[in-house]
Amino acid sequence: MSSDTRCVMFVTGSRAEYDILYPVIEAVSQSKSLRPEIVVTGSHLASVYGLTVKDVEADGYPIVAKIDNLLASDSDAARAKSAAIQLQGLVDVVAYRRPDFLVVVGDREEAITVALTGGYLDVPVVHIAGGDTADDFNIDNSVRHAVTKLAHLHMTASAGSAERVLRLGEEPWRVHNVGAPGLDRLVDEPEIDLACVWKMMNVAPVEGPFLIMIQHPLLPEMHDAERQMKATLDAVGACGLPTFVSSPNSDPGNHVMSRLLSDYANRHPTLVAYKNLSRAVFVNLMRHASALVGNSSCGIIEAPLLKLPVVNVGSRQVGREHAGNVEFVDYNATKIETALKKAVFDDQYRAQVAAAKNPYGDGTAGRQICDVLVQETDQRRLVQKRSTF
């Protein structure tokens, strides 16, 4: 390892989360005093989720470790055990390489394993998107706040999130409201016309409006995942619009959702299911879509920048800070269909969405985070945490 630059180690467990980290990795790679290293784990290494480690490798940043931790099970116990395997592997990597910073996003297994590793090994943890909150009773919310208490630098996505981190007792100098890095990729990704997008996806060209659907299981409701997925699929089918549907994430309940999605895609020609899309294709698909349906944070954070209407289905994301582009509905096919038709065809509503202000920044978070890391050179000060209660 070079002695004249400090190492910033990024830990990524999924394609969606890697795309959030990417602008920060890119900014660090261009710094004269910092260098990036990447640890790949989680669903990146599972073929059932598209083996997206290949996308990380294609970007060319140094991958220093691959931690294969996911158990081939759809249970809540398997998720906890997978986190334990990840923690053990991550401790070995960090103990050997001794980076100057550990960087992680959000509220999933990677966030808590990174925070624990950094805390015990005295490596400053940089947490992106702390302070966010939702009323869906998912374990992710508790993980997010637990990571805040373990992390050493907080890169919040909104002013409201920054205030919540401060109310948790964190010292003000540690808290930086930089916005959401996910917006950076929307601003920086070159525009591609739809004809090229269809060729890159190897699908027949779509004329007129189309939908994107991203729906994940929710741990407290994992046993209801099939009914929930069916309600949304029935609604998009009833709308009759071409719909591009992402595979669900690796949370418990995803197996039955994936089987149902595959069955629907086989029977409905307007439905196109995919495991993974390149960043260029996905961003440009969003730019041209008429609406996004499901329960992804993408609808809350990134969609407002594109003035994209969102129908958020069920309790996931409920209570989260959002712009005026989101309508929340229950898992009821008729209500979802009604909301989708409003999102696509109601010109007055679409004008309201176009005027909505995004609370998650301006698409410069990656560079701002890098600037903070360049300035923070006192590691001993960073790891000596105090609370301001």
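**Group meeting talk: a walk through two parallel sheets**

Hi everyone, let's begin with the parts list: this protein has 16 helices and 13 strands. Its radius of gyration is 20 Å, close to the 21 Å from the globule rule for 389 residues, so the protein is as compact as a globular protein of that length. Please keep in mind that we are looking at a predicted model.

A little more on the overall picture. Taken along the principal axes, the C-alpha atoms fill a box of roughly 60 × 45 × 40 Å. Of the 389 residues, 57% are buried. And if you take the contacts with a separation of 6 or more, 70% of them come from residues 24 or more positions apart.

Now, the sheets. As a reminder, strands of a sheet pair through backbone hydrogen bonds, either parallel or antiparallel. Let me start with the sheet of seven strands, which is open, has parallel pairing, and follows the order 3-2-1-4-5-6-7. At its edges sit strand 3 (63–67) and strand 7 (175–177), each pairing on one side only. On average, neighbouring strands here are turned by 20° against each other, direction ignored.

For a detail inside this sheet, find strand 4 (residues 101–105) and strand 5 (residues 125–128): they run parallel and are joined by four bridges. Val-104 has His-127 as its bridge partner in strand 5. Towards the edge, helix 6 (residues 159–167) lies across strand 6 (153–156) and strand 7, at about 170° to strand 7.

Let's pause on one residue, Thr-41, which is found in strand 2 (residues 34–41). Is Thr-41 buried or exposed? With a relative accessibility of 1%, it counts as buried, because the cut-off for buried is under 20%. And what does its side chain meet? A polar atom of the Thr-41 side chain lies 2.7 Å from the backbone oxygen of Ile-67. Leaving out residues up to four places away in sequence, Thr-41 touches Ile-67 and several others, including Val-11, Asn-69 and Glu-110.

On to the other sheet. This one is open too, with six strands in the order 10-9-8-11-12-13 and parallel pairing. Its edge strands, strand 10 (271–274) and strand 13 (326–329), each pair on one side only. The average turn between neighbouring strands of this sheet is 20°, direction ignored.

Here, three bridges link strand 11 (residues 291–294) with strand 12 (residues 310–313), and the two run parallel. Val-293 pairs up with Val-311 of strand 12 as its bridge partner.

Two helices to look for next. Helix 9 (residues 225–239) lies across strands 8, 9, 10, 11 and 12, running at about 175° to strand 8. Helix 10 (residues 254–267) lies across strand 9 and strand 10, at about 140° to strand 10.

Finally, the largest nonpolar core, with 31 residues. Which of them touch the most other members? They are Trp-198, Met-201, Ile-212, Phe-244 and Leu-285. Helix 7 (182–188), helix 8 (194–201), strand 8, helix 11 (279–288) and helix 12 (297–301) each supply at least two residues of this core. Helix 11 gives the most, with six.

I'd like to leave you with Ile-212. Setting aside residues up to four places away in sequence, Ile-212 touches Phe-244 and Leu-285, and its other contacts include Tyr-274, Met-286 and Val-293. Thanks for listening!

Methods
Residues are numbered from 1 along each chain as its sequence is written. This is a predicted model: local features need pLDDT of at least 70, side-chain atom pairs count only at pLDDT 80 or more; totals for chains, interfaces and linings use all residues. Side-chain values use heavy atoms; hydrogens and water are left out. Two strands pair if DSSP finds at least two bridges between them. Axes are lines fitted to C-alpha atoms, for helices over the stretch in contact, and angles run from 0 to 180 degrees between N-to-C directions. Contact means heavy atoms within 4.5 Å. Buried means under 20% relative accessible area, exposed over 50%, partly exposed in between (1.4 Å probe, protein chains only). A polar contact is a pair of N or O atoms within 3.5 Å; within protein, one must be able to donate a hydrogen and the other to accept it, and residues adjacent in sequence count only if both atoms are side-chain atoms. A nonpolar core is a set of buried Ala, Val, Leu, Ile, Met, Phe, Trp, Tyr and Cys residues joined through side-chain atoms within 4.5 Å. The radius of gyration is taken over C-alpha atoms; the globule rule is 2.2 Å times the number of residues to the power 0.38.
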